[in-house]
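I opened this notebook page to record what I looked up in the coordinates. The entries follow the order of my inspection.

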Amino acid sequence: METVNVLTRPRYVRSVRLLHWWMALLIVAAYVLVEFHGEFPKGSAPRNAMMQGHYWAGITIFLLVWWRLAGRARGGTPPIQPPLDKFTAALSKLIHLSLYAFFIVMPILGCLTAAYEGKQVFIPFTQIALPVPVTVDKDFGHQLEDIHATIGTVFYWVIGLHVLAALWHHWFKRDNVLERML
């Protein structure tokens, strides 16, 4: 376990940095899989494989976020140099909290959507489906799917803002915001 003084360490601990980038890749994968599954006919093997991949990308994000939060709690947050003004610091905290909420809420909504719509989520590379803990209610499932899709669309913009902010800090503010995660 890494134990470095958070006040002198210029970057997040290695585990947090790795989890950040793995989760970023999984978010891209979830997005690509759900956006392009419609290119295949309903009921086809490629379409089903893409949706199963989308489900498991979300479930994996849900599992990893807890590990990441634990790593942040143990490793702390390295300081930004030079420090942010109060408004930017508050906005940064708000966006990060919303991103963590997104990583937790979206997979739950996705799993509930699949369950209420009667869709099976298979353990990868098997024909073993996860148990469905609810009674199928396709109308309610479609409502959840709409909420899931709307939140997903909003958060793709928030994630884009997060990326642009990191690049803005790096290239224009010339602080260490981005470098702390590299």
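Entry 1, convention for angles. Before reading any helix crossing, I noted that axes are lines fitted to C-alpha atoms, for helices over the stretch in contact, and that angles run from 0 to 180 degrees between N-to-C directions. I also noted that this is a predicted model.

Entry 2, the first helix pair. I looked up helix H1 (residues 14-36) and helix H2 (residues 45-75), whose axes cross at roughly 160° and come within 9 Å of each other. Since angles over 145 degrees count as roughly antiparallel, H1 is therefore roughly antiparallel to H2. I recorded the crossing of these two helices as left-handed. I then sorted the residues of the contact of H1 with H2 and found 17 nonpolar, 5 polar and 2 charged.

Entry 3, the whole chain. I stepped back to the overall arrangement and counted 4 helices and 0 strands. Read from the N terminus, the order of elements is α-α-α-α. The C-alpha trace spans about 55 × 35 × 25 Å along its principal axes. The chain has 182 residues, and 35% of them count as buried. I also checked the contacts with a separation of 6 or more, and 75% of these join residues 24 or more positions apart.

Entry 4, the largest nonpolar core. Which residues touch the most other members of this core? I found Met23, Ile61, Val65, Leu99, Phe102 and Phe103, out of 19 residues in the core. The elements that each give two or more residues to it are H1, H2, helix H3 (86-116) and helix H4 (138-173). H3 supplies the largest share, with 7 residues.

Entry 5, Val65 and the second core. I listed the contacts of Val65, leaving aside its neighbours within four places in sequence, and obtained Met23, Tyr100, Phe103 and Ile104. I then noted a second, separate core of 5 residues, among them Met51, Tyr55, Ile59 and Ala114.

Entry 6, Arg17. Is this residue of helix H1 buried or exposed? Arg17 has a relative accessible area of 13%, and the cut-off for buried is under 20%, so I entered Arg17 as buried. Not counting residues up to four places away in sequence, Arg17 touches Arg11, Tyr12, Arg180, Met181 and Leu182.

Definitions and conventions: Residues numbered from 1 in each chain as written. Predicted model: local features only at pLDDT ≥ 70, side-chain atom pairs only at ≥ 80, totals over all residues. Heavy atoms only, no water. Parallel < 35°, antiparallel > 145°, perpendicular 65-115°, else oblique. Left-handed = near helix turned anticlockwise from the far one by under 90°. Nonpolar A, V, L, I, M, F, W, Y, C, P; charged D, E, K, R; others polar. Buried < 20%, exposed > 50% of the residue type's maximum accessible area, 1.4 Å probe, protein only. Contact = heavy atoms within 4.5 Å. Core = buried A, V, L, I, M, F, W, Y, C linked by side-chain atoms within 4.5 Å.
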